[in-house]
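Visitor: I would like a close look at one part of this protein. Please start with a single residue and what surrounds it, then work outward from there.

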Amino acid sequence: MSEQKTSLYEEALKTLKKAAAVLNLESDVIEALSSPERILIVSIPVKMDDGKTKVFTGYRVQHNTARGPAKGGIRYHPRVCLDEVKSLAYWMAIKNAVVGVPYGGGKGGITCNPKEMSQGELERLTRGYAAAIAKFIGPDQDVPAPDVGTNAQIMGWFADEYYKIVGKTVPGVITAKPLSIGGSRGRGTATGRGAFFATLEAAKAFNIPLRGARVSIQGYGNVARPIARYLHELGCKIVAVSDSTGGAYNPEGMNPIALAEFKDKTRTVKGFPGSKELSAIDPITVDCDILIPAALENQITKENVDGVKAKLIVEEANGPTTPEADKILHEKGVKIVPDVLANAGGVTVSYFEWVQNRMGYYWSDEEVDEKLKQAMTKAFKDVYQTAQQHQIDMRTAAYVTAVKKIVDAMRALGRI
Ligand code: NAD
């Protein structure tokens, strides 16, 4: 493991230390919170299409289960390593506590490049991974879901392998499944919908009028498209969007549905009729009222932060703001809905899926939407109140809110 990779988890834990200082936590409590409960590293031999066997490395980290079973996605990416999975598992524990779903935190991953693998190879890899970790997961132990590089089909293969191993159908073992095998309504748009509800609350709390507000979005994938649509329906103007190939800008606003159709047809948002061309990073610094980074981590940095003009930033992506940039934004008075709050709608509807699986009774679109609204609104208000109470920024407040809930659970169990 390289030194740089080792430091990712150490970096992640800085937020814990900041929250611990606000909460006056003792060093032994911080140590207990910093130590993942279980780390699995598995070798997965896969018969490739050329007849040769290739061995992949898979991980599953259960960071903390005091509040409930571990919960978090599975990432298929060439850069997956233990240090990254540990960090992601910790962030899931925080996110689940912020939004109040009764889970601890977990995350998994396989070091592989799914873009270079056939469907057959991906299926064999997924089944091998499910078999390798099956003893340590389950609806009451650890409930995976998709993340970068994985999708509903992969969840289906994973579920099937698990059912065969345990000899029964247990749909609550994994979430974001296809609807036909117990997926929840509303899961596909849940992250965007949740971020939209958080934006409504932020606009009220920070006194930012939404009608006519100019919105700039970096990324135009799964999480960006729904929020663009909901904000447009509310009367906001989508003035800029981008993807990995470039961007589009129109100060009069662009229609998000037409943009999605254009991107599906041309594979880019660049060249959208009536727009001016932007680079992939430009939406971060265009003139706007609300900025929504919805692509990758580390996009708002100390190099471009001075150019940020938005009054409000809603972090749909995970980790889009570097710590240095975050500090500068705070000093400039820019309001931020941090990632662990803004994008928690996905895991919230995953929780709803798990509840429905366990009841064997399924909710309508309207029921899911109403419950998601309630959960996101409450999570925002809790974090905002914590920020007011301690006079701290929203990101630190989110961590304080979460860490307090995890510590309370650990104390109730007698673990600390
Ligand atoms: P996605 O692959 O569907 O979309 C990503 C978008 O970002 C694409 O439009 C891509 O072209 C664009 N992009 C990639 N590199 C870019 C660059 N350098 N500049 C500008 N645009 C770029 O992924 P997604 O599911 O929408 O996830 C986006 C972010 O949201 C990630 O950080 C992810 O971790 C986070 N997130 C997703 C979910 C979910 O439910 N999908 C939940 C929580 C958090």
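Guide: Take Arg 67 and look at what it touches. Leave aside its neighbours within four places in sequence. Arg 67 is then in contact with Asn 96, Ala 97, Gly 100, Val 101, Pro 102, Tyr 103 and Gly 104. Lys 405, Ile 406 and Ala 409 are also in contact with Arg 67. Keep in mind that this is a predicted model.

Where does Arg 67 sit? It is found in the loop between E2 and E3. Its relative accessibility is 18%. The cut-off for buried is under 20%, so Arg 67 counts as buried.

Now follow the side chain of Arg 67. One of its polar atoms lies 3.0 Å from the backbone oxygen of Val 101. The side chain of Arg 67 also reaches the backbone oxygen of Tyr 103, at 3.1 Å. Val 101 and Tyr 103 both appear among the contacts of Arg 67.

Use Asp 382 to get a sense of scale. Arg 67 and Asp 382 are 315 residues apart in sequence. In space, their C-alpha atoms are 18 Å apart.

Step back to strand E2, which covers residues 53–64. Arg 60 lies in this strand. Arg 60 has 0% relative accessibility and counts as buried. Its side chain has two backbone oxygens to look at. The backbone oxygen of Gly 72 lies 3.0 Å from a polar atom of that side chain. For the backbone oxygen of Gly 73, the distance to a polar atom of the Arg 60 side chain is 3.2 Å.

Strand E3 spans 70–77, and it leads us to helix H11. The buried residues of H11 pack against E3. They also pack against helix H3 (82–99), strand E5 (142–146), helix H6 (190–205) and helix H12 (365–390).

Look at H11 itself. It runs over residues 345–359 and has 15 residues. From its first C-alpha to its last it reaches 21 Å, close to the 21 Å expected at 1.5 Å a residue. Of these 15 residues, 12 are buried, so H11 is largely enclosed by the rest of the structure. The buried ones include Gly 345, Gly 346, Phe 352 and Trp 354. Glu 353 and Gln 356 are buried in H11 too. Just after H11 comes Gly 360, which takes a positive phi of about 70°.

Helix H6 is one of the neighbours of H11. Find Glu 201 in H6. Glu 201 is buried, with a relative accessible area of 9%. Its side chain joins the side chain of Lys 204 in a polar contact of 3.1 Å. Not counting residues up to four places away in sequence, Glu 201 touches Thr 377, Phe 380 and Lys 381.

Compare that with Glu 277, in strand E9 (residues 276–278). Glu 277 is exposed, with a relative accessible area of 54%. It touches Gly 247 and Lys 270, again not counting residues up to four places away in sequence. Phe 380, a contact of Glu 201, gives a distance for Glu 277. The C-alpha atoms of Glu 277 and Phe 380 are separated by 35 Å. Along the chain, these two residues are 103 residues apart.

H6 also helps to cover helix H7. H7 covers residues 224–233. Its buried residues are Ala 224, Pro 226, Ile 227, Ala 228, Tyr 230 and Leu 231. Besides H6, their cover includes strand E6 (214–218), strand E7 (237–243), helix H8 (256–266) and strand E10 (290–293). After H7 comes Gly 235, with a positive phi near 105°.

Finish at the ligand. It is surrounded by 18 residues. Thr 191, Tyr 220, Asn 222, Val 223 and Asn 318 are the closest. The shell divides into seven nonpolar, nine polar and two charged residues.

Three distances pick out oxygen atoms of the ligand. One is 3.0 Å, to a polar backbone atom of Val 223. Another is 3.0 Å, to an N or O atom in the side chain of Asn 318. At Ala 295, a backbone N or O atom lies 3.3 Å from a ligand oxygen. On its own, the ligand has 830 Å² of accessible area, and the protein covers 73% of that.

Key. Residues numbered from 1 in each chain as written. Predicted model: local features only at pLDDT ≥ 70, side-chain atom pairs only at ≥ 80, totals over all residues. Heavy atoms only, no water. Near = heavy atom within 4 Å. Polar contact = N/O pair within 3.5 Å; in protein donor to acceptor, adjacent residues only side chain to side chain. Areas by Shrake-Rupley, 256 points an atom, 1.4 Å probe, with all protein chains shown as cover. Nonpolar A, V, L, I, M, F, W, Y, C, P; charged D, E, K, R; others polar. Helix = DSSP H or I, 4+ residues; strand = E, 2+ residues; numbered from the N terminus. Expected span 1.5 Å × (residues − 1). Buried < 20%, exposed > 50% of the residue type's maximum accessible area, 1.4 Å probe, protein only. Contact = heavy atoms within 4.5 Å.
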